Amino acid sequence: MSTGKTRVMIVGAKGRMGEALVRLAQQDAALTLSSAVDKGDNVLETIDDCDAVIEFAHHSLTADLAKIVADHNKAFVIGTTGHTTDERQAIADVAKRIPVVFAPNYSVGVNLLFYLTQIAAETLGENYDQEVVEMHHRHKLDAPSGTARRLAEVLAEAAGGTYEELTVHGRHGDVGARPKRVIGMHAMRGGDVVGDHTVHFSTVGERIELTHRASSRDTFASGALRAASWVCGRAPDLYSMQDVLGFKR
């Protein structure tokens, strides 16, 4: 008999994010933790028992897992970052078959930062130089973070360009004067920083900074669980956390 709760499988359950997801899912009255799997486990043994799969593992696993999720007609929430162009395309292809939420960050605050960054970029225009600075703990594998990349994508879209065209990663040596139509990207690593992101808009006479600092992974885990509840029963498509929260303009 159905309990009315959303049944979730968590892939990457032994990682930092996975542990937070397992703990919070067990505390959430609207959810049932159907299984928690990690390296060495076979997802095929328990995938039929869930409504949605939440993955916080490694980007190299996402495409193959996505096919399995689609073959079993489950909803999919992807929290892993650092995907290659081919891996992103594989995710987009699977989203034609099942509902997928794919977001670089599941924090409500960070997604509000995406929204505010879009408004600021459209309002201020190219006379304000744009720089993105992020810092994470020493164990983070990819750089820049998925959140920082998304912030730069928002800036690039507002400027009518693309991330690849406009982003400059760090600076070294005799680089010359800063041109207007670039987005500076800077990644720092150290200690146990959960995640800091700042978008700088600078012009002659003033500077605006939009900053989000995370002190606990629980904020990301709560958002991912919220996304899992939201996406179940949706039409096949590639959704973002902006869709989940209704922030899209």
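Two strands count as paired here if DSSP finds at least two bridges between them. Helices (H or I, at least four residues) and strands (E, at least two) are DSSP runs, numbered from the N terminus. The model is a predicted one, so to speak of local features takes a pLDDT of at least 70, side-chain atom pairs count only at pLDDT 80 or more, and totals for chains, interfaces and linings use all residues. Residues are numbered from 1 along each chain as its sequence is written, and side-chain values use heavy atoms, with hydrogens and water left out.

On that footing, five strands make up an open sheet with mixed pairing, in the order β7-β8-β6-β9-β10. Its edges are β7 (167-169) and β10, each of which pairs on one side only. From one strand to the next, the twist averages 20°; angles run from 0 to 180 degrees between N-to-C directions, and axes are lines fitted to C-alpha atoms, for helices over the stretch in contact. Inside this sheet, β6 (residues 129-136) and β8 (residues 183-189) run parallel and share seven bridges, with V132 sitting opposite M185 of β8. Over at β9 (residues 195-203) and β10 (residues 206-214), the strands are antiparallel and nine bridges join them. F201 has I208 of β10 as its bridge partner. The β9 and β10 pair is a hairpin with two residues in between, and G205 in the turn shows a positive phi of about 100°.

A second open sheet has six strands, ordered β2-β1-β3-β4-β5-β11, and here the pairing is parallel. The edge strands this time are β2 (31-37) and β11 (237-239), each pairing on one side only. Again, the twist averages 20° from one strand to the next. Strand β1 (residues 6-11) lines up with β2 in the parallel sense over six bridges. T6 has L31 of β2 as its bridge partner, and V8 is partnered by L33 of β2. Between these strands the chain goes from β1 through α1 to β2, a β-α-β crossover that is right-handed (with the strands pointing away from the viewer, the path from the first strand over the helix to the second runs clockwise). Helix α2 also meets this sheet: α2 lies across β1, β3 (52-55) and β4 (75-78), and runs at about 160° to β4.

Now for the helix pairs. Two packed helices are described by the angle between their axes and the distance between the axes. Take α1 (residues 16-27) and α7 (residues 218-231): these pack at an angle of about 60°, with axes 9 Å apart. The two are therefore oblique to each other (under 35 degrees counts as roughly parallel, over 145 as roughly antiparallel, 65 to 115 as roughly perpendicular, and the rest as oblique). Their crossing is right-handed; that label applies if the near helix is turned clockwise from the far one by less than a right angle, and left-handed if anticlockwise. On the α1 side M17, A20, L21, R23, L24 and A25 take part, meeting D218, F220, A221, S222, A224 and L225 of α7, where contact means heavy atoms within 4.5 Å. Sorted by class, this contact has nine nonpolar, one polar and two charged residues (Ala, Val, Leu, Ile, Met, Phe, Trp, Tyr, Cys and Pro count as nonpolar, Asp, Glu, Lys and Arg as charged, and the others, Gly among them, as polar).

Helices α2 (residues 59-71) and α3 (residues 85-94) have axes that come within 9 Å and cross at roughly 15°. That makes α2 roughly parallel to α3. The crossing of α2 and α3 is left-handed. From α2 the contact draws on H59, S60, T62, A63, A66, K67 and A70, and from α3 on E87, A90, I91 and V94. Residues in the α2 and α3 contact split into six nonpolar, three polar and two charged.

Lastly, α4 (residues 108-124) packs with α5 (residues 146-158) at an angle of about 25°, the axes being 9 Å apart. That makes α4 roughly parallel to α5. The crossing of α4 past α5 is right-handed. V110, L113, F114, T117, Q118, A121 and E122 of α4 make the contact with T147, R150, L151, V154, L155 and A158 of α5. By class, the contact of α4 with α5 comes to eight nonpolar, three polar and two charged residues.
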